[in-house]
Amino acid sequence: MASSTYAFAPERYEEQLAALIGELEELSEIDGEGYRRALRRHPKDGRGFFSKSEIIRGFRYLNEALGWARDEAEFVARLRMKPIRTASGVAPVTLLTKPHPCPGRCIFCPSDVRMPKSYLSDEPGAQRAAQHRFDPYAQTLSRLRTYHHTGHRVDKAELIVLGGTWSSYAEPYQLWFVKRSFDALNDFERWRDGAVAPPLTTGLEWSQLGERIDGRHVRRGYNRIVSDHADLHGGGRLAAQTASWNELARTQRDNETATARCVGLVVETRPDHLTAAEVERIRRLGATKVQLGYQSLSDEVLAANRRGHDVASIRRAMRLLRGAGLKIHAHWMPNLYGSSPERDVEDFARIFADPDFRPDELKIYPCSLIESAELMRYWPHPGDPRHPGHRHRRRQPADQLPRARRGRAGSAGAAGAGHPGARGAPP
Ligand code: SF4
């Protein structure tokens, strides 16, 4: 847990904070040199600087403890960090599910066994989730508290559940995950200003899992490693990750009058996992939007990347989601293996030209090459007989190699999301 988030005690710094806040209130704009000068004049512990979240916590504390009765909303709005995050009036809360076997075999997808499939553990959002052992309650509370302490309103929140393929997680786990996220929204007021971290409910430690997958020679794949780890160490903790439909419904009803209310729930999945029954179940969970991995609208490119479904599946999934009134957020990947810049341009045009597609939102993940992805096997490795690519002499166009090496996965993965991949020569 990120204990430092909870450890700050404004009462220890009453004098410094009061002086600092008084000075900030005099500034016409709380930013720039004037702000920095005020920070330097009133250092924390005589050396460091107060962060904006500490100043906001200090303001709230002093307002109450000293009976200041000053306009908190006005002060916080002037100090707010990254106001764009909640500019729509809704605080997005991104949560990651636990590492879990994925039914997909997509060659571009990274396999970091400490993460849900397709995510990389060096991304900040993924690190936050891992710190909380992918526990939905702790993840949600931590995010809400960060928003609150940096001056954002959290009375309306959108829960964005990411990780692998949502539809492949067992139903009791899905119910538990959504219920615990709602529990956190309902309990937010209780934990909002306290100096104590909320307890972890359950969750395995995945960060110490030492195995690393080399996409060029996969001995034990992602699915096997994460299943073995869960079997070996899961025990009662994983068994506790369950809830019933009735429990979920009760928690959702309680949320209707909570301080932090859920106004949107997003899950991500593969097109071929969406049947009428699955879409109905997703609606029953309370989802309002589905992130759907198109990746490509070419059967040939989908097959070359072992995506495991065709374009017809995407059309079917779109019809089902639309029919159920769900918003659709599509993922699309240029630079996939077997494509070309010209084909990508045509593919992109199809997303909007064909009325079967036209998603409400689109996320573009240029494919890049990452060590743990099977796509590494398709990269020419002259002279190394273990690689299927070693026979291939054709190389990437000079401008593509540096781009592919620089590439990093996007923050969201999924149903095939953003990852590595290179437009390599075919095997
Ligand atoms: S891209 Fe999505 S469906 Fe494919 S393996 Fe990765 S997580 Fe699974």
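**Helix packing and a parallel sheet in a predicted model**

Helix α2 (residues 14-26) and helix α4 (residues 52-65) approach each other with their axes within 10 Å, crossing at roughly 100°. At that angle, α2 is roughly perpendicular to α4. On the α2 side, the contact is made by Glu 14, Leu 17, Ala 18, Leu 20 and Ile 21, while α4 contributes Ile 55, Gly 58, Phe 59 and Leu 62. Sorted by character, the residues of this contact comprise 7 nonpolar, 1 polar and 1 charged. The structure described here is a predicted model, and the paragraphs below follow it from this pair of helices to the sheet and then to some individual residues.

Helix α4 has a further partner to consider. Helix α5 (residues 72-79) packs with α4 at an angle of about 170°, and the two axes are 10 Å apart. The two helices are therefore roughly antiparallel to each other. Here α4 offers Lys 52, Ile 55, Ile 56, Phe 59, Arg 60 and Asn 63, which meet Glu 72, Phe 75, Val 76 and Leu 79 of α5. This contact divides into 6 nonpolar, 1 polar and 3 charged residues. Ile 55 and Phe 59 of α4 take part in the contact with α2 and also in the contact with α5. A simple rule helps in reading such pairs: two packed helices are described by the angle between their axes and the distance between the axes.

Stepping back to the whole chain, the model contains 16 helices and 6 strands. The chain has 427 residues, of which 42% count as buried. Among contacts with a separation of 6 or more, 79% are accounted for by residues 24 or more positions apart. Many of the positions that meet in the fold can thus be looked for well apart in the sequence.

The strands come together in one open sheet, with 6 strands in the order β1-β2-β3-β4-β5-β6 and parallel pairing. Its edges are β1 and β6 (361-364), each of which pairs on one side only. From one strand to the next, the twist averages 20°. At one end of this order, strand β1 (residues 91-96) runs parallel to strand β2 (residues 156-162), and 6 bridges join them. Leu 95 can be found opposite Val 161 of β2. Strand β2 is in turn joined by 5 bridges to strand β3 (residues 261-269), again in parallel. In this pairing, Glu 158 has Gly 264 of β3 as its bridge partner.

Helix α12 (residues 276-285) gives a clear view of how a helix can have two sides. Which of its residues are buried? Val 279, Ile 282 and Leu 285 are. Seen down the axis of α12, these buried residues fall within an arc of 115°, so they line one face of the helix. The general background is that an α-helix has 3.6 residues a turn, so residues three or four places apart point the same way. The face of α12 turned away from the buried side carries the exposed residues Ala 276, Ala 277, Glu 280 and Arg 284. The buried residues pack against two strands and two helices, namely β3, β4 (289-295), α8 (171-191) and α14 (311-323). Just after α12 comes Gly 286, with a positive phi near 105°.

Positive phi values also appear in residues other than glycine. As a rule, most residues other than glycine have a negative phi. Phe 134, however, has a positive phi near 60°. Phe 134 sits in the loop between α6 (124-131) and α7 (136-149), and counts as buried because 25 C-beta neighbours lie inside 10 Å. Arg 358 is another non-glycine residue with a positive phi, here near 45°. The loop between α15 (341-353) and β6 holds Arg 358, which is partly exposed because 14 other C-beta atoms lie within 10 Å.

A final loop residue is Arg 216, between α8 and α9 (222-233). Is Arg 216 buried or exposed? Arg 216 is buried, since 20 other C-beta atoms lie within 10 Å, and the cut-off for a buried residue is 20 or more. Along the chain, Arg 216 and Tyr 378 are 162 residues apart, yet their C-alpha atoms are separated by 8.4 Å.

How values were computed
Residues are numbered from 1 along each chain as its sequence is written. This is a predicted model: local features need pLDDT of at least 70, side-chain atom pairs count only at pLDDT 80 or more; totals for chains, interfaces and linings use all residues. Two strands pair if DSSP finds at least two bridges between them. Helices (H or I, at least four residues) and strands (E, at least two) are DSSP runs, numbered from the N terminus. Axes are lines fitted to C-alpha atoms, for helices over the stretch in contact, and angles run from 0 to 180 degrees between N-to-C directions. Angles under 35 degrees count as roughly parallel, over 145 as roughly antiparallel, 65 to 115 as roughly perpendicular and the rest as oblique. Two residues are in contact if their C-beta atoms, placed from the backbone, lie within 7 Å. Ala, Val, Leu, Ile, Met, Phe, Trp, Tyr, Cys and Pro count as nonpolar, Asp, Glu, Lys and Arg as charged, and the others, Gly among them, as polar. A residue is buried if 20 or more other C-beta atoms lie within 10 Å of its own, exposed if 12 or fewer, and partly exposed in between; C-beta atoms are placed from the backbone. The arc is that of the directions from the helix axis to the C-beta atoms.
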